[in-house]
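Colleague: I would like a close look at one part of this protein. Please take the last helix and what packs on it, then place it in the whole.

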Amino acid sequence: MMEKLLIICVFVGIIHMIETLAYSVRLAGLKTRKLVVALSLFNIIVIVSRTANMVQAPLTGKLGDAVQSKEDLPVLLHQLQTILLAASIGTIAGALLIPSFVSIFSRMISHLEVAGSVPKMMKNIASIHTLEKAKKHVKRPRWIMLSQLRIGGVPKRLLLLNLMATTIYTVGVLSTLYASTLEPTLSKSILMSSGLINGLAMITLAVFVDPQVAILTEKVMKGESTKQSMNKMVGTLVISRLCGTVCAQILLVPAALYIAWVCKLIP
């Protein structure tokens, strides 16, 4: 069981690391002045996240299947809390990798332009010489980056919405899994509600968060705003995302109880 939990934690960490790095894609696009290419290229990396999610989802479900009685619930709760911890660690790892990712991803954009297609680009950068040159683009995170972060200039409502969406997205599936073990007779209806919960998080991100980031990106592209303001927004969004994964720990049990209660009310 420990091996299975470790595998789940690794996949969850990768998922949250990639989703954290997604904030910095626009920084690479601004650096190269090729924003559309950057967003398109990042979709390839997103495939890794989607694949990791496809693998870890049934494995996580197996943890719920192992619950045979109420005495097993504390074990399941500890396992789910460990998975949430992995989400926080993945977010921190993504934040630390942002400087290196922006530099390396910018080079990948240039390689894509030369190659003309993704398969040719992958073939070109797969050489040992190219990989050795990539070391030059690895950058250490510096404390000065944190000291430059200020909430001033970044809408507080945007940070709050990003925190809420991250919390819901992170805890949604795990809380429904835990709720299904609290109320075995309603397990099917509870598990089916996970899509609705995650849907609310996706709608919040798509309607309220992403457009604000896109607007600021366009202003920087036009010279109406500075790159420093974009760096500040990315940094504060990453911090609010990390806070969201921490809040998910706190809301795991209350959310499960609430989901079970709502499903009881459905006639």
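Modeller: What follows goes from the whole chain to the last helix, its partners and a few single residues.

The model is predicted. Start with the overall make-up. The protein has 11 helices and 0 strands. From the N terminus on, the order is simply α-α-α-α-α-α-α-α-α-α-α. The chain has 267 residues, and 42% of them count as buried. Its accessible surface is about 14,800 Å². Carbon and sulfur atoms hold 69% of that surface. Now take contacts in the protein between residues at least 6 apart in sequence. Of these, 83% join residues at least 24 apart.

Now the part you asked about. Helix α11 covers residues 227–265. Three packing partners are worth going through: α8, α10 and α1. Two packed helices are described by the angle between their axes and the distance between the axes. I will use both for each pair.

Take α8 first. Helix α8 spans residues 156–182. Its axis and that of α11 are 5 Å apart, at an angle of about 30°. An angle under 35 degrees counts as roughly parallel, so α8 and α11 are roughly parallel to each other. The crossing of α8 with α11 is right-handed. By class, the residues of this contact are 21 nonpolar, 10 polar and 1 charged.

Next comes α10, residues 194–221. Here the axes of α10 and α11 come within 12 Å. They cross at roughly 170°. The cut-off for roughly antiparallel is over 145 degrees, so α10 and α11 are roughly antiparallel to each other. Which residues in α10 and α11 meet? On the α10 side they are Ile 197, Val 213, Leu 216, Thr 217 and Val 220. On the α11 side they are Lys 227, Ser 229, Met 230, Met 233, Leu 237 and Ile 259. The contact of α10 with α11 divides into 8 nonpolar, 2 polar and 1 charged residues.

The third partner is α1, residues 2–21. Helices α1 and α11 pack at an angle of about 155°, and their axes are 10 Å apart. That angle also makes the pair α1 and α11 roughly antiparallel, because it is over 145 degrees. The crossing of α1 and α11 is right-handed. From α1, His 16, Glu 19 and Thr 20 take part. They meet Val 238, Arg 241 and Thr 245 in α11. The contact of α1 with α11 has 1 nonpolar, 3 polar and 2 charged residues.

Now a few single residues, beginning with one in a partner helix. Leu 196 lies in α10. Is Leu 196 buried or exposed? Leu 196 counts as exposed, because its relative accessibility is 62% and the cut-off for exposed is over 50%. Leu 196 and Gly 172 are 24 residues apart in sequence. In space, C-alpha to C-alpha, Leu 196 and Gly 172 are 9.1 Å apart.

Ala 38 sits elsewhere, in helix α3, residues 35–65. Ala 38 has a relative accessible area of 0%, so it is buried. Leave aside residues up to four places away in sequence. Ala 38 then touches Val 25, Gly 29, Phe 105 and Ile 109. Ala 38 and Ser 106 are 68 residues apart in sequence, yet 7.9 Å apart in space, C-alpha to C-alpha.

One backbone angle deserves a check. Most residues other than glycine have a negative phi. Arg 33 is not a glycine, but has a positive phi of about 65°. Arg 33 lies in the loop between α2 (25–32) and α3. Arg 33 counts as partly exposed, because its relative accessibility is 47%.

Back to the helix you asked about, in short. α11 runs roughly parallel to α8. α11 is roughly antiparallel to α10. α11 is also roughly antiparallel to α1.

Note on methods:
Residues are numbered from 1 along each chain as its sequence is written. This is a predicted model: local features need pLDDT of at least 70, side-chain atom pairs count only at pLDDT 80 or more; totals for chains, interfaces and linings use all residues. Side-chain values use heavy atoms; hydrogens and water are left out. Helices (H or I, at least four residues) and strands (E, at least two) are DSSP runs, numbered from the N terminus. Buried means under 20% relative accessible area, exposed over 50%, partly exposed in between (1.4 Å probe, protein chains only). Contact means heavy atoms within 4.5 Å. Accessible areas come from the Shrake-Rupley method with a 1.4 Å probe; for residues, only the protein chains shown count as cover. Axes are lines fitted to C-alpha atoms, for helices over the stretch in contact, and angles run from 0 to 180 degrees between N-to-C directions. Angles under 35 degrees count as roughly parallel, over 145 as roughly antiparallel, 65 to 115 as roughly perpendicular and the rest as oblique. A crossing is left-handed if the near helix is turned anticlockwise from the far one by less than a right angle, and right-handed if clockwise. Ala, Val, Leu, Ile, Met, Phe, Trp, Tyr, Cys and Pro count as nonpolar, Asp, Glu, Lys and Arg as charged, and the others, Gly among them, as polar.
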